[in-house]
Amino acid sequence: MKKSNTSAYLALIIVSFFWGTTYLASRIGVQHMHGIMLAGLRQTAAGVILVSFFMLRGYKLPELPILSRLFVIGVLMLCGSNGLMTWAMQYIPSGMGAIIAATVPIWITVFSYFLVQKTKISIQMVIGMAIGMIGIGGIFYDHLKELMNPEYRLGVILIVVACVFWALGSVLTAKWALGVNYLYGAGFQMLFSGLVMLLIAVVTGQHLYASSFTGELWGSLLYLIFIGSLLGYSAYVFALNNLPPSLVSIYAYVNPIVAVVLGWLILSEKLNWMIGASCLVTLLGVYLVNNAFNKNKSYERSK
């Protein structure tokens, strides 16, 4: 195996495991600070570090049209998705959030169909969507009492909307040829989205208090900045550029399992055979949809 391939597989392992741990870190952080403020601080800090790194290496500021597209993608994927997802962690278990987030490939398939190319809707794709929805239904069946809680329902809605934003941003990223180093561009996306979220936090009356910065909050924030954003995203981009996208998508199936297990072990979140089985059913449905979509793309390219 070539060294680059070995490094790419290592990067995929990093993404698969460590991105799963960020749900736990976010869940801990939002106990001390509003999710939008936490996500804003995380993305702004990571963006400043990444952009500064490239500029110190002699990279020039991208042209305005590229910056505007980076702004749109950043706001969609990191503000609209990561921000809402972090906010949702105030109301629902981290494992539940990760399971719902695992449906992103289904949303990507839907947006790709309408915005990029109307690929054939296969039987496997339809079956996969149905199985995925059955899995999600099984999870919610075990949380019927919690669904009566308005805050819990808000958390679920925030996660679903976050998935839609991430999928839309992913499709636009694939559609727009930005012509800029992926990590450099990611730095601007983090910076733009972080500043937007901090502005939203200030406008909505959220404030930073020194007393809020406990050891737990510092640990959560630093972990999200350096492990979730810098290490995780860098590894994701590297894997995506050195391995087939269908293989890289494995992370979407591993993340929820990591999040559910850690939430159960560390935060004593609910986990029983019904939730475990429904989680696996959901991931099976997502896999079928993702696999069918990748088959369609391969077929279209070969025509």
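This is a walk through some aromatic pairs, buried polar residues and an enclosed cavity in the structure above. Please keep in mind along the way that the model is predicted.

Let us start with the rings. A pair of aromatic rings is described by the distance of the centres and the angle of the planes. In this model there are 14 aromatic pairs. One of them is formed by Trp19 and Tyr251, whose ring centres lie 5.5 Å from each other with 70 degrees between the planes, an edge-to-face arrangement. This pair ties together distant parts of the chain: Trp19 belongs to helix 1, which covers residues 3-29, and Tyr251 belongs to helix 12, which covers residues 251-267, so 232 residues separate the two partners. Trp19 has a relative accessibility of 11% and therefore counts as buried, the cut-off being under 20%. Tyr251, with a relative accessible area of 13%, is buried too.

A second pair offers another geometry. Phe188 and Phe192 are tilted, with 5.9 Å from centre to centre and 35 degrees between the planes. Both rings sit on helix 9 (residues 182-203), and their 4-residue spacing is about one turn of the helix. Both Phe188 and Phe192 are buried. They also take part in a cluster linked by ring pairs, whose other members are Phe53, Phe54, Tyr59, Phe71 and Tyr184.

Now come back to helix 1, where Thr21 is also found. Is Thr21 buried or exposed? Its relative accessible area is 6%, and because buried means under 20%, Thr21 counts as buried. The side chain of Thr21 makes a polar contact of 2.6 Å with the side chain of Tyr223. Setting aside residues up to four places away in sequence, Thr21 touches Val258 and Leu262 as well as Tyr223.

Tyr223 is a good place to step across to Ser229, which is located in helix 10 (residues 215-242). Ser229 has a relative accessible area of 3% and is buried. Which side chain does Ser229 reach through a polar contact of 2.9 Å? The partner is the side chain of Arg42. Beyond its neighbours within four places in sequence, Ser229 is in contact with Arg42, Gln43, Ala46, Met190, Leu224 and Ser234. For Met190, there is a backbone distance to go with the contact: the C-alpha atoms of Ser229 and Met190 are 8.5 Å apart, although their positions lie 39 residues apart along the chain.

The last stop is helix 4, which spans residues 94-101. It is largely enclosed by the rest of the structure, because 8 of its 8 residues are buried. These buried residues are Ser94, Gly95, Met96, Gly97, Ala98, Ile99, Ile100 and Ala101.

Helix 4 also leads to the empty space inside the model. How many cavities of 30 Å³ or more are there? The count is 1. The largest cavity holds about 100 Å³ of space. It is lined by 10 residues, and those closest to its centre are Pro93, Gly95, Met96, Lys270 and Ile275. Helix 4 supplies the largest share of the lining, 3 residues. Sorted by class, the lining consists of 6 nonpolar, 2 polar and 2 charged residues.

Key:
Residues numbered from 1 in each chain as written. Predicted model: local features only at pLDDT ≥ 70, side-chain atom pairs only at ≥ 80, totals over all residues. Heavy atoms only, no water. Phe/Tyr/Trp six-rings, centres within 6.5 Å; stacked < 30°, edge-to-face > 60°. Helix = DSSP H or I, 4+ residues; strand = E, 2+ residues; numbered from the N terminus. Buried < 20%, exposed > 50% of the residue type's maximum accessible area, 1.4 Å probe, protein only. 1 Å grid on protein atoms, 1.4 Å probe; cavity = no way out; pocket = protein on both sides within 12 Å on 5 of 7 lines; lining within 4 Å. Points joined across faces, edges and corners; volume = space filled by probe spheres on them. Nonpolar A, V, L, I, M, F, W, Y, C, P; charged D, E, K, R; others polar. Polar contact = N/O pair within 3.5 Å; in protein donor to acceptor, adjacent residues only side chain to side chain. Contact = heavy atoms within 4.5 Å.
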